[in-house]
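Student: I would like to go through this structure with you. Could we begin with the terms and then turn to the details?

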Amino acid sequence: MNNEETQLKAICQTFCLRGEYQGYEVINSGHINTTYRVFYQRDGVLKDYIVQQVNTYVFQDPVGVMENISAVTEFIRAKIKQVKETAKRNVLHYKQTADGKYYTLTEDGGFWRCCRYIDESVCFLKPENLKVIEESGKAFGEFQLQLADFPVEKLSIVIPHFHNTIRRYDAFRDAIAENAKNRVAELAEEIEGYLALEELATKPYRLQREGVLPLRVTHNDTKTSNVLFDAKTFEHLSVIDLDTVMPGLVAFDFGDAIRVAASTGEEDERDLSTVAVDMEKYEAFTRGFVREIGDFITEAEKASLALGAVAMTVECGVRFLTDYINGDIYFKIHYPDQNLVRAKCHLKLARDMITHLDEMQAIVDKYFNENK
Ligand code: GN1
Ligand code: MG
């Protein structure tokens, strides 16, 4: 047994997992935390758990993160149980240690947590199938609806200014001025491209500041890989990765999902000629989202959704480019210029969305009109 495995086993023990340890695998898809799937055998049945080391550089208040997650999951669980016998497959269940905490600390200062793996579930990094995309829209629309009456003020702001697009641009400008890795000279085109989109991309945030758009409980990281589906029917089961649940804009949850679900390519597609918004995928996601969220949001919120997709695509691209300029200290990378490739891809995608903006909003409106 290697050191990693010995440590993992010890962590599992603190969460009082019952049965016999069988093994583990590494899950590499997240950009922030370090994730493992751990297998146990109990009464002849294989049970699995997701064990994660939380990145405390990114999440400086990890206890606050776990308080948010436990409050939100308990709230959703109670709602589901009003209509269903069990909520097991429809909301995450984090394990507690013997002393009732949702985390454990290792000697090296690591902050770890453990949740049940949802049985017979699958997740897609990038679903191509329209039915699955629509289901992911339903999952995030339902999440909004489930939390519509959750007391927002109870949530800790675990990453201050997370989707503050104005500040993301300020950090971008600071990074350019500092030019820590001497990378700025090669980036004139991308820097200029992103600066030209600042006015439009910061609009939803400004509307929130002016009181036009309300703050709600939002997920804030709504990529399609953060939804679990039933392995047989491909119906949505649960939203996962609740680290960034905080007060935010519905337009941002919708928009960040569109950034991933409706793009023709990967987040780091090198061949920019293939990068665009796929309007069929866009419509599938929107249909699922709008039908599920129903009619509780305001007219101003409805009218902000398509623009939210532009804002989130630009913001994410600005963050990738900032991180590239700073020397790749925030997002995990798997090859040297990955953050730059991500940034170029997002610029192309955002520009394509802007040319389709009216059409995108018309599709949102069409499905809200259906709800009336
Ligand atoms: C990060 O770790 P992951 O992949 O769930 C990031 C999101 C970005 C996303 C880009 C806390 O999410 O904001 O949109 O990468 N999460 C944090 O893929 O910064
Ligand atoms: Mg995340």
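Tutor: Let us begin with empty space: on a 1 Å grid over the protein atoms alone, a cavity is a set of points where a 1.4 Å probe fits but cannot get out, and a pocket is an open set with protein on both sides within 12 Å along at least five of seven lines; lining residues have an atom within 4 Å of a point. This is a predicted model, in which local features need pLDDT of at least 70 and side-chain atom pairs count only at pLDDT 80 or more, while totals for chains, interfaces and linings use all residues. Residues are numbered from 1 along each chain as its sequence is written, and ligands are numbered from 1 in the order in which they are written.

Student: Which residues line the largest cavity?

Tutor: Its lining includes Ile76, Asn90, Val91, His236, Leu237, Ser238 and Val239. Helix H3 (130-146) and E9 are the elements that give two or more residues to this lining; helices (H or I, at least four residues) and strands (E, at least two) are DSSP runs, numbered from the N terminus.

Student: Where does the largest cavity lie with respect to the domains?

Tutor: Domain 1 (3-117) and domain 2 (130-371) both give residues to its lining, so the largest cavity lies between them. The domain bounds come from an automatic or database domain assignment.

Student: What does E9 pair with?

Tutor: Strand E9 (residues 236-239) runs antiparallel to strand E8 (residues 227-230), and three bridges join them. Two strands pair if DSSP finds at least two bridges between them. Ser238 in E9 stands opposite Leu228. Five residues lie between the strands of this hairpin, where Phe234 takes a positive phi near 65°.

Student: Changing topic, which residues coordinate the magnesium ion?

Tutor: Asp221 (OD) and Asp241 (OD) coordinate the magnesium ion (ligand 2), at 1.9 to 2.1 Å. Asp221 is in the loop between strand E7 (216-218) and E8, and Asp241, 20 residues apart from it, is in the loop between E9 and strand E10 (246-248). Donors are N, O and S atoms within 2.8 Å of the metal (3.2 Å for Na, K and Ca); water is not among the atoms, so sites may look incomplete.

Student: Is Asp221 buried or exposed?

Tutor: Asp221 counts as buried, at 18% relative accessibility, whereas Asp241 is partly exposed at 23%. Buried means under 20% relative accessible area, exposed over 50%, and partly exposed in between (1.4 Å probe, protein chains only).

Student: Which helix gives the most to the lining of the second largest pocket?

Tutor: H10 does, with five residues.

Methods. Heavy atoms only, no water.
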